[in-house]
Amino acid sequence: MQLAKRSGSQILRTFLPFQTVDLKGKIYRVSEWSGPSAIQIDTDLVRRHLLREISPWSVGGSDSGFAAGLHRGEPLEVVELDDQRGVTVERYPEVWLCQKCKRIGKSVDRPCKCGQRNNWGQLHFVGVHECGAIIEPYIKRCPVHDDVKVMIPKSAKAADITFLCPVCSMQMMKGLGFKPCGCGKGNFRWNVHKARMVYTPRGMVLINPPRPEHREGLKLAGGARKALVWVVDGLTVPRPADVVSPPTLDELIEQLMRTGLPREIAEVAAKSAADQGGLAKAGDHPIDGLSGERREEAEREAVDIAMALAESRTQTTALRSASPGDALDVRYRDRYPAALDRAGIDGLDLVDRFPVLNAMYGYTRGEDDPSKCRLVPFRRKKGGYRLYGNLAETEAFLVRLDPVRVAAWLIGRGHRLPGWSPKDGAVAARVAILQEVRVPSKRDDPSVESVGTDLLKLVHTYAHRFIRQAAVFSGIERDALSEYLVPGHLGFFVYAAARGDFVLGGMQAVFESNLDELLDAFVDAEHRCPLDPGCARGSGGCSACVHLGEPSCRFFNRFLDRKVLFGAGGYLRAPVRA
């Protein structure tokens, strides 16, 4: 029996396994997605992203063995909803409440003692523990009359609920009692079943190319190193494969093996090429000077960018008017470059097939702090792990900030970029920033001063203000636009999510018609907050000025500060190059 209909995006966050939901005035618990379809994914890519996402729990040993299982290579799948079969639910909690007299019944199949039939609701409280356990309340009944009713005050606190015998008025319980969890680490806590602490879904967003040949093509072209060279050089050619750069010894061996050659023969051929000087040597490119940890993170973000642009990419420099010399042609030739430069942007590309995967990998109960709760991953019945996701191809902008301007801004804030000066140019600036910056995670403390904190605040605040302006000019609801940050490479994607009042073609229309007006508004529009001076004295970012709705912002609206853009010495206060 079908109870209700919901959109796929709503189901992805509010109808996950073991989550309680309201349907037609009744409370249910999700049992499973019925017959979901598997999404084709790059398993290694998803594993790497998962390990990084769950690290706050795995570091403290509270990930339920998730990280260890991923390292062991346990099966991993991502599934999407079957719209025809939907989601299977069950009534929960099974604590029946007469909606007329407020008696607690023993069975939904029996009439209430007040005479009402088929008028059973449910007591909407459940008990949860940080280990992930959930229980129904146990309500004491009058030992003489075998009856009890609930007196619910205006307060939503479980401790304020009173249970009385409706016959003799004897008080049976005050609150829902104290019940120890079976894990031995404290008592259950009672709350309304829809409270965030009862069930908090945990998910991630990653770029997932729909066709595996894109990733295979990147590997054949030189892999992560070639992608990093391509990005650091400024994306001046269409694809990493177009970068004129010889492979390293290991890359050539990998390429030869992919053509079918045995490793032994591939190694001999690659060594011969190296002896003849045909391979890249250490130091051939500035990226070769990056340390191991910085190099790995830089390559990961570069691969993300390469995969995002694999299907489509249009640069502003490629825009042409059908009638050379007309107003549109002048706009592309003169006004677009001036607006980009004024906004401190090195490049802005349109991606009309941006492949984004939104996947939920588990849930927590209790506190939001990973040190105080346990992550419960979703599991497959046959072993391994299951992620519930949605894969979409949508419109997006890739915005990349000017590396020389960013480097100068960082130095102006008192940070050091050893070995770099403005005369060294853009490539050297990108490499210097990659080497010195450790970008904080979304759970790190924004008040800790570092070059990474400042860079993340710059890119993140820029992205939020850009989204607010882009929503106005594109006619797309603000909450239908989301961010995907690549801060190490001084950039971010803004993409249209498959929810809300998404207008297909809205971003393309702005890109081709009035991008300069959007950027001028970005720079010139009101940058003060209606809640100033309080907002400015606090974090410098709030719901009235730069915050976005969840889940548009993957950083919980943290690492935001308008001062990095418009304050004294702000990025947009810096002089524009001649």
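**Exercises on a predicted model**

Apart from its neighbours within four places in sequence, D346 is in contact (heavy atoms within 4.5 Å) with R400, L401, D402, P403 and R430. This is a predicted model, in which local features need pLDDT of at least 70 and side-chain atom pairs count only at pLDDT 80 or more, while totals for chains, interfaces and linings use all residues. Residues are numbered from 1 along each chain as its sequence is written, and side-chain values use heavy atoms, with hydrogens and water left out.

**Exercise 1. Describe the setting of D346.**

Step 1. D346 is placed in strand β17; strands (E, at least two residues) and helices (H or I, at least four) are DSSP runs, numbered from the N terminus.

Step 2. The relative accessible area of D346 is 36%, so this residue is partly exposed. The classes are buried under 20%, exposed over 50% and partly exposed in between, with a 1.4 Å probe and protein chains only.

Step 3. From C-alpha to C-alpha, D346 and R400 are 5.5 Å apart in space, although 54 residues separate them in sequence.

**Exercise 2. Determine how α15 is placed relative to α10 and to α14.**

Step 1. Two packed helices are described by the angle between their axes and the distance between the axes. Axes are lines fitted to C-alpha atoms, for helices over the stretch in contact, and angles run from 0 to 180 degrees between N-to-C directions.

Step 2. Helix α10 (residues 327-342) and helix α15 (residues 515-524) have axes that come within 9 Å and cross at roughly 25°. This makes α10 roughly parallel to α15, given that angles under 35 degrees count as roughly parallel, over 145 as roughly antiparallel, 65 to 115 as roughly perpendicular and the rest as oblique.

Step 3. On the α10 side the contact is made by R331, R335, Y336, A339, L340 and R342, and on the α15 side by L515, D516, E517, L519, D520, V523 and D524. These residues divide into six nonpolar, no polar and seven charged. Here Ala, Val, Leu, Ile, Met, Phe, Trp, Tyr, Cys and Pro count as nonpolar, Asp, Glu, Lys and Arg as charged, and the others, Gly among them, as polar.

Step 4. For helix α14 (residues 506-513) and α15, the axes come within 5 Å and cross at roughly 90°; the two are therefore roughly perpendicular to each other.

Step 5. V510, F511 and S513 of α14 meet L515, D516 and L518 of α15, a set with four nonpolar residues, one polar and one charged.

**Exercise 3. Establish which residues of α12 are buried and what they pack against.**

Step 1. Helix α12 (residues 425-436) has 12 residues.

Step 2. Its buried residues are A429, R430, V431, A432, I433 and L434.

Step 3. The partners of these buried residues are α6 (223-232), α9, β17 (345-364), α11 (403-412) and α13 (451-474).

Step 4. One of these partners, α9, is largely enclosed by the rest of the structure, because 12 of its 17 residues are buried.

**Exercise 4. Locate the cis peptide bonds from Y92 to P93 and from D532 to P533, and place F556 and F559.**

Step 1. The Y92 to P93 bond is cis, with omega near 0°, and P93 lies in the loop between β5 (87-91) and β6 (96-98).

Step 2. The D532 to P533 bond is cis, with omega near 10°; P533 lies in the loop between α15 and α16 (534-537).

Step 3. F556, in the loop between α16 and α17 (563-566), has a positive phi of about 55° although it is not a glycine. F559 is placed in the loop between α16 and α17 and has a positive phi of about 60°.

Step 4. F556 is partly exposed at 38% relative accessible area, whereas F559 is buried at 2%.

Notes. The expected span of a helix is 1.5 Å times one less than its number of residues.
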